[in-house]
Amino acid sequence: MAKVTTSSLLNLKQDRTKFTALTAYDASFAGAFDEEGIDVLLVGDSLGMVIQGGKDTCAVTMEEVAYHTRCVANVVKRALVIADMPFMSYATPEQTMESAAQLMRAGASMVKLEGGHWLLETITMLTERGVPVCAHLGLTPQSVHVFGGFKIQGRGDENAQRILEEAKAIEQAGAQLLVLECIPAQLAQTISETLTIPVIGIGAGKDTDGQILVMHDILGISSGYIPKFSKNYLAQTGDIRLAVKAFIQEVADGVFPAEEHTFN
Ligand code: KIV
Ligand code: NA
């Protein structure tokens with residue numbers, strides 16, 4: 001049971017083996033997901049919504065992400081643990097270094113930041129100082145108030161071209177992983193094929209190198225509605241560990257995401 005690392009994920013991409021990621025926020029779920037073979041566990045700032053009941057992720061603090069990262073990292077043996085840098089925790093270089101240090105001390109092996117061109121220097125600075133970076137493009141929820149809602153991004157040639165250019169630039173800057181959220185499948189495919197680093201999709205179609213979902217969505221307990229791009233695996237299995245296994249298997253087999261979960 002070799003530990004998942006940035007380089008083992010790169011090998012999976014080169015072998016064209018799809019991998020899976022889930023969000024996790026506590027020791028019990030993280031431990032079970034890890035045992036079932038999820039490759040990447042993200043302590044997402046989605047915790048502001050699924051744990052705290054907020055309407056978006058903007059109220060989440062450093063201390064909160066660090067706390068949940070510690071809960072997850074304490075038990076995980078195999079998966080790569082990534083922690084989200086929360087809203088406004090990487091606005092200046094000093095702040096970025098301190099925030100990243102806090103998350104690495106809490107047990108993260110990589111941090112995730114939302115944004116493109118404005119983050120290039122930040123990505124290089126973190127990587128040079130020993131903090132691996134996962135970038136996040138497309139629907140970046142910390143910008144929900146700029147977007148005017150949770151809306152698909154990258155539609156239209158100009159927007160698609162901008163996201164492709166940003167993806168190339170963040171790889172050049174040193175990012176070792178990229179999350180693409182809620183963009184047309186064709187654009188996600190182009191980016192995944194263009195970049196050397198692995199690309200993880202959520203609402204980005206079936207052709208990214210990996211797939212990530214929010215754990216509450218695959219277990220069907222998100223209040224309100226389940227997003228179009230997600231799937232309730234508990235409903236078809238009746239057991240949490242079997243639900244995780246089914247998600248892993250369907251990604252490996254190219255069954256998930258299907259057309260019904262995809263934006264075009
Ligand atoms: O916070 C989160 O859960 C995320 C994933 C949806 C990628 O950023
Ligand atoms: Na997030």
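Helices (H or I, at least four residues) and strands (E, at least two) are named here from DSSP runs and numbered from the N terminus. The structure is a predicted model, in which local features need pLDDT of at least 70 and side-chain atom pairs count only at pLDDT 80 or more, while totals for chains, interfaces and linings use all residues. Residues are numbered from 1 along each chain as its sequence is written, and chains are lettered from A and ligands numbered from 1 in the order in which they are written.

A good place to begin is strand S1. Five of the five residues of S1 are buried, so this strand is largely enclosed by the rest of the structure; a residue is called buried if 20 or more other C-beta atoms lie within 10 Å of its own, exposed if 12 or fewer, and partly exposed in between, with C-beta atoms placed from the backbone. In a regular strand the side chains alternate between the two faces of the sheet. Both faces of S1 are covered, with Phe-19, Ala-21 and Thr-23 buried on one side and Thr-20 and Leu-22 buried on the other. Strand S1 (residues 19-23) runs parallel to S2, to which it is joined by three bridges, and it also runs parallel to strand S8 (residues 210-213), to which it is joined by four bridges. Two strands are said to pair if DSSP finds at least two bridges between them. Thr-20 has Gln-211 as its bridge partner in S8, whereas Thr-23 has Leu-42 as its bridge partner in S2. Between S1 and S2 the chain passes through helix H2 (residues 27-36), and this β-α-β crossover is right-handed, a term meaning that, with the strands pointing away from the viewer, the path from the first strand over the helix to the second runs clockwise.

Ala-24 is placed in the loop between S1 and H2. Ala-24 is buried, because 30 other C-beta atoms lie within 10 Å. Leaving aside neighbours within four places in sequence, Ala-24 is in contact with Phe-29, Ala-30, Phe-33, Leu-41, Val-43, Val-72 and Met-215, where contact requires C-beta atoms, placed from the backbone, to lie within 7 Å. The C-alpha atoms of Ala-24 and His-216 are separated by 9.1 Å, although these residues are 192 residues apart along the chain.

From strand S2 (residues 40-43), Val-40 and Leu-42 point one way and Leu-41 and Val-43 the other, and all are buried. S2 also pairs with S3 in the parallel sense, over four bridges, and Val-43 has Ala-83 as its bridge partner in S3.

Leu-41 is also among the residues with the most contacts inside the largest nonpolar core, a group completed by Val-81, Val-111 and Leu-178, and this core has 80 residues. Such a core is a set of buried Ala, Val, Leu, Ile, Met, Phe, Trp, Tyr and Cys residues joined through C-beta atoms within 7 Å. Its largest share, five residues, comes from helix H12 (residues 240-252). Not counting residues up to four places away in sequence, Val-111 touches Ile-82, Ala-83, Met-85, Ala-100, Leu-103, Val-131 and Val-133. Leu-103 lies in helix H5, and it counts as buried because it has 28 C-beta neighbours inside 10 Å.

Two loops hold residues other than glycine with a positive phi. Met-88, in the loop between strand S3 (80-84) and helix H5 (93-105), has phi near 65°, and it counts as partly exposed because it has 14 C-beta neighbours inside 10 Å. Cys-182, in the loop between strand S6 (177-181) and helix H9 (185-194), has a phi of about 50°, but Cys-182 is buried, with 22 other C-beta atoms within 10 Å. In the segment after H12 lies Pro-257, and the peptide bond leading to Pro-257 from Phe-256 is cis, with omega near -5°.

Finally, the residues around ligand 1 are Thr-23, Leu-42, Gly-44, Asp-45, Ser-46, Asp-84, Val-179, Glu-181, Ile-202, Ile-212 and Val-214, each counted as near if its C-beta atom, placed from the backbone, lies within 6 Å of the molecule. By class, this shell has five nonpolar, three polar and three charged residues, where Ala, Val, Leu, Ile, Met, Phe, Trp, Tyr, Cys and Pro count as nonpolar, Asp, Glu, Lys and Arg as charged, and the others, Gly among them, as polar.

Conventions. Two residues are in contact if their C-beta atoms, placed from the backbone, lie within 7 Å.
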